[in-house]
Each structure stands twice: as C-alpha cells, then as structure tokens.
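Reader: I have a sequence and a set of coordinates, and I would like to learn how to read them. Please take me through the features in turn.

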Amino acid sequence: MIKILEALRIAGCSAGIFLAYLYGQAPEEVLRIMTPWFIGSIAGLSGIEGLVFGERAAREKGFEVHSNYQRQNAFWFLSIALIALLIYVAAWNVYANIAIVLLFSLFLVMPAANHVWSTIVCGNRTWQNMIRPLLTLLLVIAFWYPVTAILFK
C-alpha cells in the first residue's frame, strides 16, 4: 500500500504540472492549477499514510515506528492540504497561492536535506529516502517559472 501511495503522490504532482502548463495561460493560472495538485498529492496522501499506515510506512522508510512526531507530521500534512484546497475553492489571490507553495516547498527542501544526510551518514539507502531529494528538486523547478514570474514582474 505504501508503494501505491508513493506512486499516487508522483502521479498527482505530474498530472498537476501537466494540466497547469497545458491550460494555464499566465503564470497566475499555472500556479493556481498546480498548487492544489502539488500540495494535495503530497501532503494529503502523506497525511493519510501517516495516520492509517504509519507503522508500515515507517518500517519501509527505515524510520522510528510509533513516533508521536510521525502522528504530528501527519496532522500537519492534512492541515496544509486542506488550506491549499480552501485557497483554490475560495479563489483567494495569487499571493495566497505563493505563500502556501513557498511554505510547503521550504518544508520539503529541509527534509530532503535530511534524507541526503540519512543516506550518506546513516546508510539509510531505502528507495524513498534516496529519491526524495531528486523529487523535491523537480518540484522546485516546476514551480520556479510561475512563482518568479509573479514575484519579479
């Protein structure tokens, strides 16, 4: 099940990026389309994974099992996913999208650095641990155009 959720996260982000660049005529539209797909796919599914399949997920990723931090992290993921959905449904302005994307991206960059550390120093060479930094870099690249085009016009 954990591998299915991982595939769904990647597929959801990929679909969001594809649809955003296909249908978005302006950077604001690209960002508006991508944001709920990006955050919903990663945060929403990670929150569900952490709460429903937490023990199995921790074991597969080489992390501590039954951690209170894991449960807190799952609630954080669900919270940000719900706020991203609210921003989309309520059609808040582009700066609400930028704020949540930057917040969530920074949150992903920091754990990506932790995954690199865990791979190199601790020898945790699980697939999920090693692929995270690459996937994070790809997401930062996908968001680079709309965010910088809006902020630096």
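Author: We can begin with a single residue. This is a predicted model, and in it Leu 5 is buried, with a relative accessible area of 4%.

Reader: Which element holds Leu 5, and what does Leu 5 touch?

Author: Leu 5 sits in helix H1, residues 2-23. Leaving out residues up to four places away in sequence, Leu 5 touches Leu 45, Glu 49 and Phe 53. A C-alpha distance adds to this picture: Leu 5 and Ser 46 are 41 residues apart along the chain, and their C-alpha atoms are separated by 7.9 Å.

Reader: How many helices and strands are there in the protein?

Author: The protein has six helices and zero strands. Read from the N terminus, the order of elements is α-α-α-α-α-α. The radius of gyration is 16 Å, close to the 15 Å that the globule rule gives for 153 residues, so the protein is as compact as a globular protein of that length.

Reader: What does the C-alpha trace span along its principal axes, and what share of the residues is buried?

Author: The C-alpha trace spans about 45 × 30 × 25 Å along those axes. Of the 153 residues, 41% are buried. As for the surface, the protein exposes about 8700 Å², and carbon and sulfur atoms supply 71% of that area. Contacts can also be sorted by separation along the chain: among those with a separation of 6 or more, 72% are between residues 24 or more positions apart.

Reader: How should I read the length of a helix?

Author: Compare an expected span with the distance between the end C-alpha atoms. For helix H2, residues 27-52, 26 residues at 1.5 Å a residue should span 38 Å; the end C-alpha atoms are 36 Å apart, which agrees. H6 has 25 residues and should span 36 Å at 1.5 Å a residue; its end C-alpha atoms are 35 Å apart, which agrees as well.

Reader: Where do H2 and H6 bend?

Author: H2 bends by about 30° at Gly 40. H6 bends by about 45° at Trp 144, and a proline, Pro 146, follows within four residues.

Reader: Which residues of H6 are buried?

Author: The general idea comes from the helix itself. An α-helix has 3.6 residues a turn, so residues three or four places apart point the same way. In H6 the buried residues include Gln 128, Arg 132, Thr 136, Leu 139, Phe 143, Val 147 and Ile 150. Also buried in H6 are Asn 129, Ile 131, Ala 142 and Pro 146.

Reader: Can we take one of those residues and look at its surroundings?

Author: Take Thr 136, which lies in helix H6, residues 127-151. Thr 136 counts as buried because its relative accessible area is 10%, and the cut-off for buried is under 20%. The side chain of Thr 136 reaches the backbone oxygen of Arg 132 at 2.9 Å. Not counting residues up to four places away in sequence, Thr 136 touches Leu 108, Val 109 and Ala 112.

Reader: Is Ala 99 buried or partly exposed?

Author: Ala 99 is partly exposed, with a relative accessible area of 46%. Ala 99 belongs to helix H5, residues 94-120. From Ala 99 to Val 147 there are 48 residues in sequence and 9.9 Å in space, C-alpha to C-alpha.

Reader: How far apart in space are Phe 75 and Val 116?

Author: Their C-alpha atoms are 24 Å apart, with the two positions 41 residues apart in sequence terms. Phe 75 is in helix H4 and is partly exposed, at a relative accessible area of 46%.

Reader: What about the loops, and how do I read a phi angle there?

Author: Most residues other than glycine have a negative phi. Ala 91 has a positive phi of about 55° although it is not a glycine. Ala 91 is placed in the loop between helix H4 (68-89) and H5, and at 48% relative accessibility Ala 91 counts as partly exposed.

Reader: Which side chain makes a polar contact with that of Thr 126?

Author: The side chain of Asn 124 does, at 3.1 Å. Thr 126 is in the loop between H5 and H6. Thr 126 and Phe 152 are 26 residues apart in sequence, and their C-alpha atoms are 39 Å apart in space.

Conventions. Residues are numbered from 1 along each chain as its sequence is written. This is a predicted model: local features need pLDDT of at least 70, side-chain atom pairs count only at pLDDT 80 or more; totals for chains, interfaces and linings use all residues. Side-chain values use heavy atoms; hydrogens and water are left out. Helices (H or I, at least four residues) and strands (E, at least two) are DSSP runs, numbered from the N terminus. Buried means under 20% relative accessible area, exposed over 50%, partly exposed in between (1.4 Å probe, protein chains only). A polar contact is a pair of N or O atoms within 3.5 Å; within protein, one must be able to donate a hydrogen and the other to accept it, and residues adjacent in sequence count only if both atoms are side-chain atoms. Contact means heavy atoms within 4.5 Å. The expected span of a helix is 1.5 Å times one less than its number of residues. The bend at a residue is the angle between axes fitted to the seven residues ending there and the seven starting there. The radius of gyration is taken over C-alpha atoms; the globule rule is 2.2 Å times the number of residues to the power 0.38. Accessible areas come from the Shrake-Rupley method with a 1.4 Å probe; for residues, only the protein chains shown count as cover.
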